[in-house]
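Consider the model shown here. The paragraphs that follow begin at the ligand and then turn to a strand.

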Amino acid sequence: MFIRRRRGWEIPEREVTPESAMLGRRAMLGATAAALTVTASRSAGAWELFGGAPVKPVALLPLSAPRNAKYDAGRPLTPDSEATSYNNFYEFGESKSVADAAQALKLAPWTIELAGMVKSPRTIGYDDLLKRMSLEERVYRHRCVEAWAMTVPWIGFPLADLVKLAEPLGSATYVKFTTLADPKQMPGLHKPWYPWPYTEGLTMQEAMNELAFLSVGLYGKTLPPQNGAPIRLNVPWKYGFKSAKSIVRVEFTDQQPMTFWEGLQASEYGFWANVNPAVPHPRWSQAEERLIGTDKVVPTEIWNGYGAFVAAMYSDKTKERLFA
Ligand SMILES: Nc1nc2c(c(=O)[nH]1)N[C@H]1C(S)=C(S)[C@@H](COP(=O)(O)O)O[C@H]1N2
Ligand SMILES: [Mo]
């Protein structure tokens with residue numbers, strides 16, 4: 001009997017499955033029964049920690065910086081309550097409701113390693129880093145590969161300023177970001193089929209692009225844990241998974257970094273991951289996006305609408321899989 005199967009791009013948006021949808025299958029195929037048993041008991045322990053005693057919510061501090069009017073999002077802001085309660089942060093769970101679990105994130109002391117091909121590798125404290133940076137507010141559109149979008153007023157500084165501080169060697173061509181991976185704080189770390197730690201990467205040229213931004217706050221406050229406290233990346237012309245949260249290491253290298261999502265499923269999530277409505281995800285269309293906090297669905301724009309700032313970087317990269 002012939003059964004017609006719908007192609008990925010014919011699936012309506014409401015049926016779009018999360019980035020992790022293949023994992024049920026993958027876990028069964030990949031992990032041995034023994035590994036699963038160990039995981040189950042370990043994650044029970046982790047959840048006792050979070051579920052047993054209520055975790056005190058992380059206190060957010062007021063943080064203000066002048067808005068940079070050059071970057072007009074052209075859309076109303078997503079309500080603060082939505083942007084801080086509908087999140088992807090797999091270290092704390094696979095659902096969008098990770099905000100409570102994320103309150104267990106220990107934010108102080110926080111250090112960031114400046115490593116690899118730099119004049120002198122070192123570790124810098126978060127407070128020390130902030131003293132050297134001048135903060136601004138930028139309203140950016142955020143487009144998740146799962147076909148939803150938000151518009152958020154971030155507070156932070158250009159990634160280029162951190163690159164300059166790190167003094168990379170001329171031979172460095174990529175920047176690799178590694179984020180916190182602490183099984184004591186993060187129940188997701190006990191799921192061994194994920195390629196922890198969460199890593200991401202950019203070319204040096206992308207990292208120096210004026211849009212690439214490191215955020216330490218949103219909506220006039222310090223970053224809540226669920227949004228990647230104390231410091232996370234924003235690369236608004238790329239799918240949201242490139243915007244690594246809770247960064248602990250920035251490494252300069254001449255090798256294209258392997259990223260968390262590419263390591264998990266390279267056929268679906270590549271290194272470049274630039275937004276393009278005309279290139280569907282293998283399991284769903286990227287033509288439109290759902291605006292979180294509204295009932296609106298709007299067309300997705302190539303480069304997420306930031307082409308004037310970024311398209312020229314890719315004119316010589318015609319052989320790369322730029323949009324996956
Ligand atoms: N460390 C880490 N960073 C991460 C993720 C994650 O699971 N872990 N998820 C990514 C994805 S898929 C998206 S869409 C954005 C979500 O950011 P937001 O919750 O602040 O909107 O964070 C990205 N950064
Ligand atoms: Mo995402």
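Which residues around ligand 1 come nearest? The model is a predicted one, and in it 18 residues surround ligand 1, with Asn87, Tyr90, Glu91, Ser243 and Lys245 coming nearest. Sorted by class, this shell consists of 7 nonpolar, 7 polar and 4 charged residues.

Two of the nearest residues, Tyr90 and Glu91, also make polar contacts with the ligand. Tyr90 does so through its backbone, where an N or O atom lies 2.7 Å from an oxygen atom of ligand 1. Glu91 uses its side chain instead: a polar atom there is 2.8 Å from a nitrogen atom of ligand 1. Thr179 contributes a side-chain N or O atom, which lies 3.2 Å from a nitrogen atom of the ligand. Of the 540 Å² of accessible area that ligand 1 has on its own, the protein covers 99%. As for where the ligand is placed, ligand 1 sits in the largest cavity.

The second topic is a strand residue. Strand E1 spans residues 111-116, and Leu114 is found in it. Is Leu114 buried or exposed? Its relative accessible area is 1%, and because buried means under 20%, Leu114 counts as buried. Leu114 can also be placed relative to Ile124: the two are 10 residues apart in sequence, and their C-alpha atoms are 7.4 Å apart in space.

Conventions: Residues numbered from 1 in each chain as written. Chains lettered and ligands numbered in written order. Predicted model: local features only at pLDDT ≥ 70, side-chain atom pairs only at ≥ 80, totals over all residues. Heavy atoms only, no water. Near = heavy atom within 4 Å. Polar contact = N/O pair within 3.5 Å; in protein donor to acceptor, adjacent residues only side chain to side chain. Areas by Shrake-Rupley, 256 points an atom, 1.4 Å probe, with all protein chains shown as cover. 1 Å grid on protein atoms, 1.4 Å probe; cavity = no way out; pocket = protein on both sides within 12 Å on 5 of 7 lines; lining within 4 Å. Sits in = over half its atoms within 2 Å of the grid points. Nonpolar A, V, L, I, M, F, W, Y, C, P; charged D, E, K, R; others polar. Helix = DSSP H or I, 4+ residues; strand = E, 2+ residues; numbered from the N terminus. Buried < 20%, exposed > 50% of the residue type's maximum accessible area, 1.4 Å probe, protein only.
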